[in-house]
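Good morning, colleagues. Please take a moment with the sequence and the model on the screen before I begin.

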Amino acid sequence: MNHKRWNQRGIVLKMELTGALFLYAAASHATVQTMSVDVNGFRNVLADPGFETLNGNEPSKSTGPWFTSGEREDGQLRVSANRSYTGRQSVVFANYWERGAVVQNLGIQVNPSKHYRFSVMMRLDEPTADTSLTNTPALHATIYTSPAEDGIYTYRKGFFWNMTASPGGGWEKVAGTINGADLSAYSGEYIQVRIIKASEKATHRIFIDNASVTESDSAEAPQTVARYLVGGNVVYSKDEGPDWVEKNKVDVLKRAGLSNLRYPGGHVVSFWDWEFPYHSAYANFWDPAYIASLTESKKAELMAENEHRLLLDQYLDLCRETGAAPVIGINLFQGYRYDRDQDSIDKAVRLVDYVKDQIDGPRYYYLDNEVGHQPTQNNHVPIDDYIPLIPDYSTAIKAADPLGKIVVNIMGRVRVEDIIRDVGDHVDLIDHHWYYNNRTYGQFWLEDWRVDGGRSDRARNLDSFNQWIETYNKPHIKVGLLEWNIGPSEGEEGSTPGNVFYQGLVQADMLMFMIGYNVEMASIWPLTWDSNFRNLIDGPAHNVSPTVHIHRAFSKAAGGTILNLTEPDTGEQLKSLAVKSADEAFIDLYFLNKSTEVIELDLELPVPVVETLVMTFAQGASSNEVNVTEQHYAEDFGVLGVSLDDTSFTHIRCRISDSPTSYELFADDFETAIDAGNVASAPYPVGSWHHQGTEAWQTEGSAASVDIGELNGVAGQELRLGWGYDEVVALYSTPTPIHTSQSYTFCGRWEIGNVVDEPRGFIAGIAEFSADDGSLVQRLTSDSLVFGNTNAPAIGEKGTFEVTLSSAELAAAGTAPGNRIGVFFHHNNGDDQLYGDSNSLRNDVYYIDNVSLEVSGAITLLDQWMVSNKVANALADSDGDGVNNQNEYWFGGNPTIDDAITILPRSGTEGSWFEYVYRRRSDYKIQGLNYTVETTTNLISNDWNSNGIINEGFGSVESETDSVTNRISTDEQPEQFIRLRVR
C-alpha cells in the first residue's frame, strides 16, 4: 500500500511546480496519530449502476442485469442518450399512462445485522401535451426476496414510496434505508430490488440514473447530511440588484455551493412590502398616517431612491440561476400591529401564488423573524400573540402552495415546546439563531474557543427541540439555523478582535456541530452588508471573502452519508468528520485543528481512490490574512499522511474508483492565481498560467500583453489577453492524467476591455500536456472555437464561453498514456495567421474570469494503473512478454518489462496432490476483484466448479501482491483441467 505524507504550510494556491507534483515531507516532529475511516457498506452492490450497458435495447432477463416488470407489450422502459446524470445515458419511463418497473437480482443474501440503503438520481422532464394526464410522476423503491437466487421473488419492504422531483428542475437524489432486522424472517434469502414508476397518467416522463444499493454493518441506520445546510441571507435593502449581474456575484454563490437563500433578510421582513418594496427599510407601511403621506409623487420619489434594491423577481432569478431553494419571508408584524391580520394573510397568499408559479422544487416560507425580541419597543410580535397566528397563516399558505414548507422563529427556547405541542401540525421547520461568542455576548476569546468542545448552550437547545419533537410525535418538524455566524467580535474587554481567519475557523466548527446534530437547514448571516469582516461578499468593494472556501468544502457533504471515523484523543482540539458524498463518488474528510501544535495523522482509507484534492485554510503572513492552499494528487494512497497546520481547517476530497460522476477538476477566479510569464524551454510549470514562447514566434512582445490583476473596475482579479498588438497564448496544465473514458468541459466568463481595429475574439480550448516536462503536446479541441464578439464589439460587453471534449473525441485524438489534461487561451493579433510573428496589427482586448474545467465519467483502478504505467489498452501486451496489461494488473506485474515467468501461475505435483500457485493483488477485496480456481474433467461439457479445491493459504511476495497456494487431490480423478478466473 502506498504511504505518502504532505504538509500544506507555505504552499501557495495554484503555485508553480516544475516537472512532477511533489508531496512535501512534514517539518514537525510531533507524534503521528492514526485514524481510520469505517467504510463498511461503502461499495455499491448493484451491477451496472449507471445503466450504461443497455446500449439502447429494452432490458430483459437475458440481456443484462436489469430487466423489466409490468411493461406494456410495446415497452415503456428505454434508455435516453440525451438525459444522463453522468456517463452516456439514463433510463426513462417513457409511457405517461402506465406503471412499470426496472428490476435487478443482487446475488446477496439478507443479513438481519445489516442496514440496506438504496438511492437513485431522478429527473422529471418532457411534459406531456395531453391535458387529461394530471398525476404527479413518482417512484417507489422496494426489496423483494427469494430462497433461491433464480427463484420466485416476493415483496418484503419498501425503501421509499411516492418520491418525486421538481419538474424541469434537473437531477435530484431520492434515497431510503431498510433495517435488516425488519427482514429477519427472511434471513439468508436472496435480495432483489425494484425501481417502480408508481403513477399512471403522469404529467412528465421519469428519468433515472446512478442507482446505488449498499450494505452497512453499522448498528444504526447511517445519518445523512442535510441538503440545505450551506445557505445564506440576502438582505433586499442592502443588496443592489444590478450588482448580482454586473459584479458576477452569482458566480460567488455557485462557487460557495449555497443551497438556500433567505430573503428579504432578518428584521427587515417585519417592514417589507413585497408589492411596493421601495419604502424605507423600517417603515410601518400600514400606519394610517404613513399611508396618507404616500402620494403618487412620494411613491415615485421612493422608487427612484430605492430602485437598485434586490427585488423579488431578481431574487427568484438568483434562486433559479444558482439552484438554491427559496426561503421567503412573510410579514406578520404589520398586520398584527394595525389589526389587519386577514389583510396580512391575503397579502401573504398573493405572494405565495406569485412565487409558486416561478420556482420548481422546495419552497420555504418563514413567518416573520425573531418574534418576541423587542415587543416592548413595538418592533416585534409578542410570542403569546404569535403562536395563535401560526395555524391561520400556515393553513392559508399551504392551501395556495401544497408543497410549501412553514418556518417559525422565536427568541429563546422555552416557548418552542409550546409551538411543537400546540401548533406543531402547522409547522415544518423550527428556526433558531446562533451567533458564536464566549464569555460575553458578541465577543470572542480565541483561547476559550480552542477548548470549547461541546458548545453546551447550543447543544442543550437542540437536544430540547428534538426531544419535544419526539415527545409530541411530530417527526415532520425539522430544526434549522437561518441566521448564524461568529458574533461581531469587536475586541472589547480584552477579547480577540474578529477577522476573516477566525471567522472561517469558527464557521467550520459550527458547521461540523450542525452536521453532528442533524440540523436540516442553515443560512449564514449576512452575504453582503456594510464593511464588516463577517460578510461573504463585502458591500462597498464587492471583495469575496476567503471563507467562501469553507462553505464550498461543506457544500460537498450535502445529502451525503456520515461515516465512522476513529479519532485520536487530542483533548477536544481536533474536530473531524468523514462523509460519503451523495453521488457515491467521493469520501470527504474534514479536520479542524484548534490547537497551537501541528497534528500529524496517518489516515487509513480502506477503499481504492484515484484522485485526492487537499484544501487548507490556515494563517497567512499576518493575523488578518488567510493562506488558502489547494493540492491535487492523481494516484491511490493506501495511507494518507496528513500534517494539519496549527489552528487550521483542512478538507480532503478522495475520489473513488469506478464512480461515474461529474465534478470540477480545476477552477480559477484569478484572486490568487499567478502568471509564470513566457517560458521558452522545458520544464514548463504545472498548476500555474504560463506562455510557451519560441524564437520563431515572438509571443508577448510586451511584458504587458498578458496580465493577472484588477483590470475592469470589478474588485478582484482577471486574466487579460493581449494589449492591442501581440498574439498571445496562455496555458495551464493540471497534474491530472488524461483518461480517455472521461469527457471534459472548459467554461468561464469574458468581458471586452478594449476595442481597436480588428475584432478577433479569442480561442479557448482543452489540451494535452507532457507528463515528462509539461510542454504542450497537442490541442484537443478545434481552433475554430472562437468566443467573444467579432462583429460589433463594445467595451464592457460580457459573455460566457464553453468548450466540450467528449470521451470519443479524446480517444480518437491518440493521447499518450500518462500525459496531463489542461487548458489554453489563444488571442490572435489580427494577421489571419495563427502563430504569426507580426505585432503590427491591433486587436481587441479580453478579460477572462471564473474559469473551470469539469470532468465526467468513471475511472477504474485498472484505468488508473495503466495511466500510471503509461500503457494503453487493457488487452494489449505492451511489453511483449505474452501477458496482456489486464493480467499484469491482476497478477501484480509490470507492463513495461518482461516479467511473465515471475507473475504467471505455476503448478506441479506432489504425490497424489496437484498444487496450483497464483499471484493476487493484496487489496483485491476493496478493488472488487474475485479470484476463483476451478477444475473440470473434460473441456467439452464446460462443467467448471471449485469442488475439492483446498486453499492452503497465502503469503506476501511484494508490497501489494500475495501468493496463493491451492491443492487438488488426484486420487479419484487423476486427469483434470484447471483454470483461474478473475472478475
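Two strands are taken as paired here if DSSP finds at least two bridges between them. With that criterion, four strands of this predicted model form an open sheet in the order β44-β45-β48-β47, and the pairing is antiparallel. β44, residues 906-910, and β47, residues 949-958, are the edge strands, each pairing on one side only. From one strand to the next, the twist averages 25°. Within this sheet, β45, residues 913-921, and β48, residues 961-969, are joined in the antiparallel sense by nine bridges. As a point of register, F914 stands opposite I968 in β48.

Let me now step back to the chain as a whole. It contains 17 helices and 49 strands. Of its 983 residues, 56% count as buried. If one takes the contacts between residues at least 6 apart in sequence, 75% of them join residues at least 24 apart.

I turn next to the nonpolar interior. Which residues have the most contacts inside the largest nonpolar core? They are L261, L367, F554 and F649, in a core of 106 residues. Helix α12, residues 500-516, gives the most to this core, contributing 12 residues. There is also a second, separate core of 37 residues, and it includes F670, I708, L721 and V803.

F554 merits a closer look. Leaving aside residues up to four places away in sequence, F554 touches V230, A508, L511, M512, I515, L577, Y590 and F649. One of these partners, Y590, brings us to strand β24, where Y590 points the same way as F586, D588 and L592.

Strand β24 spans residues 586-593 and is mostly covered, with eight of its eight residues buried. Opposite the group just named, I587, L589, F591 and N593 point the other way from the strand, and these too are buried. β24 has two antiparallel pairings to describe. With strand β23, residues 574-580, β24 pairs over seven bridges, and V579 stands opposite D588. β23 and β24 form a hairpin with five residues between them. In that turn, E584 has a positive phi of about 65°. With strand β29, residues 648-656, β24 pairs in the antiparallel sense over eight bridges. In this second pairing, S648 of β29 is the bridge partner of N593.

I come now to a helix pair. Two packed helices are described by the angle between their axes and the distance between those axes. For helix α7, residues 341-356, and helix α8, residues 383-400, the angle is about 30° and the axes lie 9 Å apart. The crossing of α7 and α8 is right-handed. On the α7 side, the contact is made by D341, S344, I345, V349, V352, D353 and K356. On the α8 side, the contributors are L389, D392, Y393, A396, I397 and A400. By character, the residues of this contact divide into eight nonpolar, one polar and four charged.

Next, a short helix. Is α2 enclosed or open to its surroundings? Seven of its eight residues are buried, so α2 is largely enclosed by the rest of the structure. Those buried residues are K249, V250, D251, V252, L253, R255 and A256. Let us take D251, which lies in this helix, residues 249-256. Why does D251 count as buried? The cut-off for burial is under 20% relative accessible area, and D251 counts as buried because its relative accessibility is 12%. Setting aside residues up to four places away in sequence, D251 touches R749 and N850. α2 is followed by G257, whose phi is positive, near 75°.

For contrast, I close with a residue in a loop. A129 is placed between β8, residues 115-125, and β9, residues 139-146. Is A129 buried or exposed? Exposure requires a relative accessible area over 50%, and A129 is exposed because its value is 77%. The C-alpha atoms of A129 and H204 are separated by 9.5 Å, although the two residues are 75 residues apart along the chain.

To recapitulate, I have described the open sheet of four strands, the nonpolar core of 106 residues, the covered strand β24, the packing of α7 with α8 and the largely enclosed helix α2. Thank you for your attention.

How values were computed. Residues numbered from 1 in each chain as written. Predicted model: local features only at pLDDT ≥ 70, side-chain atom pairs only at ≥ 80, totals over all residues. Heavy atoms only, no water. Axes fitted to C-alpha atoms, helices over the stretch in contact; angles between N-to-C directions. Left-handed = near helix turned anticlockwise from the far one by under 90°. Contact = heavy atoms within 4.5 Å. Nonpolar A, V, L, I, M, F, W, Y, C, P; charged D, E, K, R; others polar. Buried < 20%, exposed > 50% of the residue type's maximum accessible area, 1.4 Å probe, protein only. Core = buried A, V, L, I, M, F, W, Y, C linked by side-chain atoms within 4.5 Å.
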